[in-house]
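Let's take a look at the empty spaces in this protein. Have the structure open as you read along.

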Amino acid sequence: RQMSARRLMVGGNWKCNGTMGFAKSFPADVLNKLKFDPKKVEVVVAPAALHISTVQSVLKNNVHVATQNLSLTGDGAYTGEFSIAMVKDMNISYTLTGHSERRTLYHETDKDVAKKTKLAVDQGFTVLACIGELLGERESGKTKDVNNRQLNAIREECEDWSKIVIAYEPVWAIGTGKTATPQIAQDTHAEIREWLAANVSKEAAASVRILYGGSVTDANAAELIAMEDIDGFLVGGASLKPAFHQIVEACQNAK
Ligand code: PEP
């Protein structure tokens with residue numbers, strides 16, 4: 001990878017995992033001991049919402065905290081939701097949107113994801129907007145169409161891409177142990193960058209970070225981050241393990 005102006009990013013998505021004990025011990029034992037230069041690598045973790053304040057109270061490092069999702073509704077009669085105002089009030093300024101589990105299990109549409117992305121960007125958040133194709137879509141050659149459709153929905157809502165980070169996560173690689181090869185990931189990231197150049201701006205194509213997600217571990221992070229258009233990772237399973245340290249280290253050591 002040539003030195004680019006893009007700061008790398010590693011996100012840890014804890015999904016619906018952890019206990020109060022873990023929310024104290026993992027930041028103390030792993031996150032507070034990460035060695036990285038925040039000018040080179042931005043590190044963000046997304047615990048379950050119930051555990052966020054505990055994680056925040058233990059974190060000392062330059063590690064940021066994100067929500068995994070957010071509500072389109074504001075404060076009010078919306079049982080079971082939490083508003084973006086509440087998230088801001090907790091000094092959180094990062095969120096994921098459009099994770100494949102939100103899309104598949106909770107039926108979020110491209111439009112929902114785009115609106116959530118816009119809401120968060122407007123509130124000054126850095127948004128890790130997740131996109132990616134299903135196995136059948138890759139096998140039938142539809143990867144580019146699916147990614148472009150998901151990206152177009154975001155573009156219809158968002159003009160300003162300076163706070164958007166794209167997390168390309170092929171759904172067949174999430175939690176399956178099947179990582180995209182570095183070349184497959186690179187080729188798709190390059191297509192996404194072409195889409196940015198053609199549909200947002202040349203500047204966005206040069207500056208928007210594109211993370212890879214899908215079974216990233218300490219064993220494959222270094223070869224993936226060596227690729228030109230891979231600007232970091234969104235990590236699920238391995239973000240709950242000490243291996244997260246080596247993934248951040250691989251980014252810190254990337255040329
Ligand atoms: C994810 O859910 O964002 C993810 C990439 O999961 P995993 O690393 O476990 O495949």
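A pocket here is an open set of grid points with protein on both sides within 12 Å along at least five of seven lines, and a volume is the space filled by probe spheres set on the points. Keep in mind that this is a predicted model.

With that in hand, the second largest pocket holds about 220 Å³ of space. Its lining counts 18 residues, and the closest to the centre are Lys15, Gly175, Ser215, Gly236 and Gly237.

Now for the largest pocket, which has a volume of about 660 Å³. Here 26 residues form the lining, with Gln68, Asn69, Phe82, Arg102 and Tyr106 the closest to the centre. Which helix gives the largest share of this lining? That's α4, with three residues.

There's a cavity to find too: the structure holds one of 30 Å³ or more. About 40 Å³ of space lies in this largest cavity. Look for Gly98, His99, Ser100, Arg103, Cys130, Ile131, Gly132, Gln150, Glu169 and Val171 around it, as these residues line the cavity. Both α4 (100-105) and β5 (126-131) supply at least two residues each to that lining.

Here's how the linings break down by class:

| Space | Nonpolar | Polar | Charged |
|---|---|---|---|
| Largest pocket | twelve residues | nine residues | five residues |
| Second largest pocket | five residues | ten residues | three residues |
| Largest cavity | three residues | five residues | two residues |

Technical notes: Residues are numbered from 1 along each chain as its sequence is written. This is a predicted model: local features need pLDDT of at least 70, side-chain atom pairs count only at pLDDT 80 or more; totals for chains, interfaces and linings use all residues. Side-chain values use heavy atoms; hydrogens and water are left out. On a 1 Å grid over the protein atoms alone, a cavity is a set of points where a 1.4 Å probe fits but cannot get out, and a pocket is an open set with protein on both sides within 12 Å along at least five of seven lines; lining residues have an atom within 4 Å of a point. Helices (H or I, at least four residues) and strands (E, at least two) are DSSP runs, numbered from the N terminus. Ala, Val, Leu, Ile, Met, Phe, Trp, Tyr, Cys and Pro count as nonpolar, Asp, Glu, Lys and Arg as charged, and the others, Gly among them, as polar.
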